[in-house]
Amino acid sequence: MTPSFSHAFIFDLDGVITDTARLHLAAWHGLARRLGLPFDPAMEARLRGLSRMDSLDLILGDAASRFSTERKQALADHKNAAYVESLGDMSAADLLPGALAALQAVRDGGWGLALASASMNAHTVLQRLGIAPLFHHVVDVAAIARGKPAPDIFLAAAQALGVPPAHCVGIEDAAAGIAAVRSAGMFALGIGDPLALPEADRVLPGLDAFRPTDFLH
Ligand code: BG6
Ligand code: MG
């Protein structure tokens with residue numbers, strides 16, 4: 001039976017719950033350097049939230065046509081190996097401030113709680129952080145047709161929880177993620193710098209300032 005909640009909170013993972021956005025960016029930067037491709041500061045904001053292959057296409061830019069599908073896959077695998085290595089001995093100590101309390105507050109309030117991460121490493125990261133059992137639903141990104149900024153992953157989360165999008169809050173650190181939340185018809189809560197997330201309905205500096213009741217509408 002599909003569970004049903006009055007409202008739901010749908011969290012992104014990388015850069016919201018733990019500081020892995022930084023590790024993804026470092027691994028992409030390393031790959032760009034190895035290929036002799038430019039990696040200007042604006043690239044960081046543009047890469048956030050994009051799927052692995054969409055990120056690679058952005059890094060390769062005009063050079064993309066020079067790479068075969070097999071070579072692209074090998075480059076993506078190389079970046080992923082570097083990223084996974086950089087996770088090191090990740091544990092609950094790597095939760096960002098306020099993240100655990102935020103997730104628990106949603107559970108304690110009786111609202112739906114889902115994860116909408118574009119990362120194929122999300123299950124590993126959730127396990128290592130020790131928070132996997134808190135989620136009512138974790139979207140399987142492999143089953144999602146279009147990556148962020150398309151709304152698909154957030155709509156899949158809302159459907160699994162049985163909550164209409166208008167009663168969902170999407171929580172994101174990436175401009176592509178905020179666009180996905182808005183396009184899904186949900187309230188978009190940005191985490192980070194308001195200047196970097198102009199499309200968000202509201203922005204908090206971190207989850208330590210998050211109170212679920214501020215967003216019930
Ligand atoms: C997102 C990150 O959560 O997951 C992106 O913000 C990353 O930076 C994407 O590219 C895909 O992650 P993965 O682990 O499948 O390569
Ligand atoms: Mg993110």
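**Exercise 1. Find which residues histidine 136 contacts, neighbours within four places in sequence aside, and place the residue in the fold.**

Solution. Contact is taken as heavy atoms within 4.5 Å. With neighbours within four places in sequence left out, histidine 136 touches Phe5, Arg107, Trp111, Gly112, Leu113 and Leu161. This is a predicted model, in which local features need pLDDT of at least 70, side-chain atom pairs count only at pLDDT 80 or more, and totals for chains, interfaces and linings use all residues. Residues are numbered from 1 along each chain as its sequence is written, chains are lettered from A and ligands numbered from 1 in the order in which they are written, and side-chain values use heavy atoms, with hydrogens and water left out.

Next, locate the residue. Histidine 136 sits in the loop between helix 6 (122-129) and strand 3. Helices (H or I, at least four residues) and strands (E, at least two) are DSSP runs, numbered from the N terminus.

Then classify its accessibility. Buried means under 20% relative accessible area, exposed over 50%, and partly exposed in between (1.4 Å probe, protein chains only). Histidine 136 has 32% relative accessibility and therefore counts as partly exposed.

Finally, take a distance: from histidine 136 to alanine 114 there are 22 residues in sequence and 5.8 Å in space, C-alpha to C-alpha.

**Exercise 2. Give the strand order of the open sheet and describe the surroundings of strand 4.**

Solution. Start with the pairing criterion: two strands pair if DSSP finds at least two bridges between them. The open sheet has 6 strands in the order 3-2-1-4-5-6, with parallel pairing. Strand 3 (137-138) and strand 6 (202-204) are at the edges with a single partner strand each, so one side of each has no neighbour in the sheet.

Now take the partners of strand 4. Strand 1 (residues 8-11) pairs with strand 4 in the parallel sense over 4 bridges, and phenylalanine 9 has valine 169 as its bridge partner there. Strand 4 (residues 168-172) also pairs with strand 5 (residues 187-191), in the parallel sense and over 4 bridges. Within that pair, glycine 170 has alanine 188 as bridge partner, and isoleucine 171 stands opposite leucine 189.

Check burial next. In strand 4, 5 of its 5 residues are buried. Cys168, Gly170 and Glu172 lie on one side, Val169 and Ile171 on the other, and both faces are covered.

Last, add the helix. Helix 8 (residues 175-183) lies across strands 4 and 5 and runs at about 165° to strand 5.

**Exercise 3. At what angle do helix 3 and helix 4 pack, and which residues make the contact?**

Solution. Axes are lines fitted to C-alpha atoms, for helices over the stretch in contact, and angles run from 0 to 180 degrees between N-to-C directions. Helix 3 (residues 52-60) and helix 4 (residues 69-86) pack at about 105°, with their axes 10 Å apart. The contact involves Arg52, Met53, Leu56, Asp57 and Leu60 of helix 3, and Lys72, Gln73, Leu75, Ala76 and Asn80 of helix 4.

**Exercise 4. Where is leucine 23, and is it buried or exposed?**

Solution. Leucine 23 belongs to helix 1 (residues 20-35). Its relative accessibility is 16%, so leucine 23 counts as buried. Beyond neighbours within four places in sequence, leucine 23 contacts Tyr83, Ser86 and Leu87.
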